[in-house]
Amino acid sequence: ARDVADDEAVRAPLAAHLPIAAMSAVLLVVAYRLIDMHHIKTILLTSKREAAVLITTFLATLFVELEFAIYVVVMLSLVIYLMRTAQPKVVSVTPDPRFGSRHMAEDPALAQCPQLHIIRIDGSLYFGAVDHVGEMLHILAERHPQQKHLLIIGNAINFIDVAGAELLAHEAKRRRAIGGGLYLVKIKADVCSILRRGGFAGTIGDSNIFQSKSDAIASIFGKLDRDVCQGCDKRIFKEGASIGPAKA
């Protein structure tokens with residue numbers, strides 16, 4: 001090891017005598033091998049957001065100091081992430097009779113229950129998303145005022161913060177005031193834990209949080225207006241068979 005170190009100590013000063021053009025060529029070759037052209041092409045063709053981050057990173061490293069360029073790229077990535085997660089999809093679903101009354105589909109041609117609206121939220125409920133989700137809930141309430149009961153399928157809600165929990169609690173109070181209710185089904189354990197620790201589960205109603213859609217619909221069906229059910233010809237839930245034929 002000492003002999004190798006001595007040899008390097010002898011050869012290192014010799015590099016100072018290399019022509020600058022030769023050193024430049026070596027540096028260009030090294031830099032070229034660091035460029036992953038395959039992944040750059042994939043990013044440019046796949047995602048506009050990631051392509052924007054890539055181009056911004058390239059330009060920032062060329063025209064500004066490296067430390068500032070890193071800050072710019074990190075902030076841009078954060079902004080793009082917030083933009084992408086701040087508008088989770090709020091999808092109306094309804095039982096598909098082709099697969100049974102518990103299989104939910106996004107087909108707008110399928111009949112909906114006149115009293116119960118079922119939605120699925122595809123995304124986390126945090127401070128950046130509550131305005132969008134709250135607006136969507138308001139739009140649904142205006143479009144379907146007769147559907148006083150709302151069932152939220154929450155298996156796609158990976159995270160919830162205090163702002164998101166307050167949104168659900170507020171919606172539960174509002175619907176309870178008009179004679180309906182808010183119900184949650186297939187909520188993940190971490191999300192349910194936050195609701196319980198903050199006391200929001202009590203506002204929503206512990207009995208309104210379910211693990212399965214079968215239990216949720218069976219419980220909610222018992223709270224629906226029987227006069228409306230008697231005159232309904234939809235009968236999208238199996239529980240409706242016990243009510244009898246729809247009135248003419």
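1. The secondary structure of the protein chain consists of 11 helices and six strands. The model is a predicted one, and every value in this note was computed from it. The points below move from the chain as a whole to its pocket, its cavities and a few individual residues.

2. The chain has 248 residues, of which 34% count as buried. The surface that the protein chain exposes comes to about 15600 Å², and carbon and sulfur atoms supply 62% of that area. As for contacts in the chain with a separation of 6 or more, 70% of them are made by residues 24 or more positions apart. A student may wish to keep this last figure in mind when comparing the sequence with the fold.

3. The largest pocket has a volume of about 230 Å³. Its lining is made up of 17 residues, and those closest to the centre of the pocket are Val91, Ser92, Pro108, Gln112 and His117. Two elements, β1 (89-96) and α6 (130-143), give two or more residues to this lining. Strand β1 gives the most, with five residues. By class, the lining of the largest pocket divides into nine nonpolar, five polar and three charged residues.

4. How many cavities of 30 Å³ or more are there? The count comes to two. The second largest cavity has a volume of about 30 Å³. Its lining is formed by Val93, Thr94, Pro95, Gln112, Cys113, Leu116, His117, Ile118, Ile236 and Phe237. At least two of these residues come from β1, and at least two from β3 (116-122). The lining of the second largest cavity holds seven nonpolar and three polar residues, but no charged ones.

5. The linings described in points 3 and 4 may usefully be read together. Gln112 and His117 are among the residues closest to the centre of the largest pocket, and Gln112 and His117 also appear in the lining of the second largest cavity. Strand β1 likewise contributes to the lining of the largest pocket and to that of the second largest cavity. Charged residues are present in the lining of the pocket, whereas the lining of the second largest cavity has none.

6. A pair of aromatic rings is described by the distance of the centres and the angle of the planes. In this model the count comes to one aromatic pair. The ring centres of Tyr126 and Phe127 are 5.2 Å apart and the ring planes stand at 90 degrees; the pair is therefore edge-to-face, since planes over 60 degrees apart fall in that class. Are the two partners buried or exposed? Tyr126 is buried, because its relative accessible area is 9% and the limit for a buried residue is under 20%. Phe127, at 57% relative accessibility, counts as exposed, because the limit for that class is over 50%.

7. Ile70 is found in helix α5, which covers residues 66-85. With a relative accessible area of 46%, Ile70 is partly exposed. Thr57 is 13 residues away from Ile70 along the chain, and the C-alpha atoms of Ile70 and Thr57 are separated by 7.8 Å.

8. Most residues other than glycine have a negative phi. Lys186 is not a glycine, yet its phi is positive, at about 60 degrees. Where does Lys186 lie? Lys186 belongs to the loop between β5 (181-185) and α8 (189-197). Its relative accessibility is 34%, so Lys186 counts as partly exposed.

Key. Residues numbered from 1 in each chain as written. Predicted model: local features only at pLDDT ≥ 70, side-chain atom pairs only at ≥ 80, totals over all residues. Heavy atoms only, no water. 1 Å grid on protein atoms, 1.4 Å probe; cavity = no way out; pocket = protein on both sides within 12 Å on 5 of 7 lines; lining within 4 Å. Points joined across faces, edges and corners; volume = space filled by probe spheres on them. Helix = DSSP H or I, 4+ residues; strand = E, 2+ residues; numbered from the N terminus. Nonpolar A, V, L, I, M, F, W, Y, C, P; charged D, E, K, R; others polar. Phe/Tyr/Trp six-rings, centres within 6.5 Å; stacked < 30°, edge-to-face > 60°. Buried < 20%, exposed > 50% of the residue type's maximum accessible area, 1.4 Å probe, protein only. Contact = heavy atoms within 4.5 Å. Areas by Shrake-Rupley, 256 points an atom, 1.4 Å probe, with all protein chains shown as cover.
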